[in-house]
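Biologist: Before the terms used for this model are accepted, I should like to hear the grounds for each of them. Shall we take them in turn?

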Amino acid sequence: MRFRRANPNDPPKPQRSTRGRMIITGLAGALCVFAFAPFGWWPIEILGLATLFYQVLRSSSIKAAALIGWAFVTGWTAAGVHWLYVSMHTYGDMPAPLAAAAVLLLGAAMGIYGAAAMASAAWLRQRWTLPLPVANLLVFPAVWALFEWLRGWLFTGFPWLASGYAHNHSPLAGFAPIIGMYGLGWLAAVMAGALLLLLHRTRLRAAGLVVTIGLAGVGLSFLHWTYPEGKPISVRLLQGNIPQDEKFNGAKVMSTLKLYQDAITAAPADLIATPETAIVMLPQQLPPDYLPGIAQFLNKTNSNLILGIPLADSQTAYFNSAIGITPRQSDGYYRYNKHHLVPYGEFIPFGFRWFVNLMSIPLGDQTSGRDIQPAFPIKDQRVLPNICYEDLFGEEIAAQLNHPAQDQKPATLLLNISNLAWFGDTIAIPQHLQISQMRTLETGRPMLRATNTGATAIINGEGKVVQQLPANTFGTLAANVQGMGGSTPYILWGNKLFLALTALSLAAAWFLTRRAKNQPKAA
């Protein structure tokens, strides 16, 4: 194929406007929803990041780079968490236009992180006069990943759909026990930057880097960082399938109590677990014989129960909790209080009470539990609960395993109890299951999930779902589960290794460009 040589007298080709680049990246970001569960087309995310980096590299200014990054993450977030509309409008009684606007505003707010990331990357490229390979492989991926990490904890954090979650089944999954979910997002961004170099003179090195990262991830997946500890325990995980509009309905509460009482006492197990707030009444509000009747069954069958129930220490201190009841218990219930609360749903950020008042959310102003809490011992195993949204925060779970409370040994099993009925029959359910899978990859611990409407499942220590109940059905998931001991690098170091690698990338970029500037020019 022959190309016409450019004529210097030809008028210059018009450059794509910043608005056009924003539209392209906004659509690319929105399409990245297909990289996550339930679709799992993870290469789409790498292509989306490559599109973002390309448009920023071709942009005209740092301001334009910021706008392009903002559009990408806004589209990514709004498309990925559109199901929040269901919780705010259908179940929270917020007017439909306001609920839709709230989803878009959340996307726009998260877009600020994308704007800051791409503005920073563009500024560094300009400041350091970065050659294309250095910008694509060292700077853009590191800055993208650092701002994703920042989004995961600033203002309590919102790491839902962080880019690393798309890779629980990709070749990058083998890196999860070492550098965690954010590290996977960084590697995905490195691969995206390398794709842009396939038309550059460094194309062979870029292709080699992509292949090397993929093969290394596959190889690491064969390493076993943890080992079986003790004997397996039998578990029964309950899925009540209580519609959200009936859950706090006074006329339905007694039938829900009966449903869970019958489900709990239907068969014995070493561990029986209910969903989050399976019981919506405080213990002192329950019929006097309710908990004693369940305890009598546990005594007869030598079973243990973890029950999702709200607790109150005073008239102003309410907790989203799980209590553990053991056979022949004499020293009070085991208690776990949710410590990482959901903004607007479980606590009210300063200045936003007016927004929360637009919705009808029961138990919407709660108290946070301690960061480190003891596990629940059952025979040879130690079960560490987390409640719903808490399993988004891998470093917090790793910290509880690395520094267990009350001089315990580290937990051998993780248990997530959730109520996603707030989000109806949407992709929020498989997305949350995928998040739990990432926690098992990071920690090498199986995760048990007892949920109201789904996904009730058992995930092994390698991130694979071994059993699962159909969503939006009533049922019980019964199995024998082996606990795991030992520590992954991620348990020991959390996100420190990931942060060190991104800092090293930026330092290497600075060093390489400085060295290039200081080299004497050929005569």
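Biologist: What makes strand 11 and strand 12 a pair in this predicted model?

Modeller: Pairing requires at least two bridges between the strands. Three bridges join strand 11 to strand 12 (residues 465-468), so the pairing criterion is met. The two strands run antiparallel, and I459 has V465 in strand 12 as its bridge partner.

Biologist: How many residues lie between strand 11 and strand 12 in the hairpin, and what is noted of G463?

Modeller: Five residues separate the two strands of the hairpin. In the turn, G463 has a positive phi of about 80 degrees.

Biologist: Why is T453 called buried?

Modeller: The relative accessible area of T453 is 4%, and buried means under 20%; T453 is therefore classed as buried. T453 is placed in the loop between strand 10 (447-451) and strand 11 (457-459).

Biologist: Which residues does T453 touch, not counting residues up to four places away in sequence?

Modeller: With those sequence neighbours left out, T453 touches Q239, N241, I242, L420, A421, I429, A471 and N472. Contact here means heavy atoms within 4.5 Å.

Biologist: What makes the space lined by V73 and W76, among others, a cavity?

Modeller: A cavity is a set of points where a 1.4 Å probe fits but cannot get out. The whole structure holds two cavities of 30 Å³ or more, and the largest has a volume of about 80 Å³. V73, W76, Y113, G114, A117, W144, F147, E148 and R151 line the largest cavity. Helix 3 (62-80), helix 5 (96-128) and helix 6 (132-151) each give two or more residues to this lining, with helix 6 giving the most, four residues.

Biologist: By class, what is the make-up of the lining of the largest cavity?

Modeller: That lining has six nonpolar, one polar and two charged residues. In the second largest cavity, of about 40 Å³, the lining has seven nonpolar, three polar and one charged residues.

Biologist: How do you know where the second largest pocket lies with respect to domain 1 and domain 2?

Modeller: Domain 1 (18-224 + 495-516) and domain 2 (227-487) both contribute residues to the lining of the second largest pocket, so this pocket lies between them. The pocket has a volume of about 460 Å³. Its lining has 24 residues, of which S221, L223, L441, G461 and E462 lie nearest the centre. Helix 8 (203-220) and helix 14 (428-443) are the elements that give two or more residues to that lining.

How values were computed
Residues numbered from 1 in each chain as written. Predicted model: local features only at pLDDT ≥ 70, side-chain atom pairs only at ≥ 80, totals over all residues. Heavy atoms only, no water. Buried < 20%, exposed > 50% of the residue type's maximum accessible area, 1.4 Å probe, protein only. 1 Å grid on protein atoms, 1.4 Å probe; cavity = no way out; pocket = protein on both sides within 12 Å on 5 of 7 lines; lining within 4 Å. Points joined across faces, edges and corners; volume = space filled by probe spheres on them. Nonpolar A, V, L, I, M, F, W, Y, C, P; charged D, E, K, R; others polar. Domains from an automatic or database assignment.
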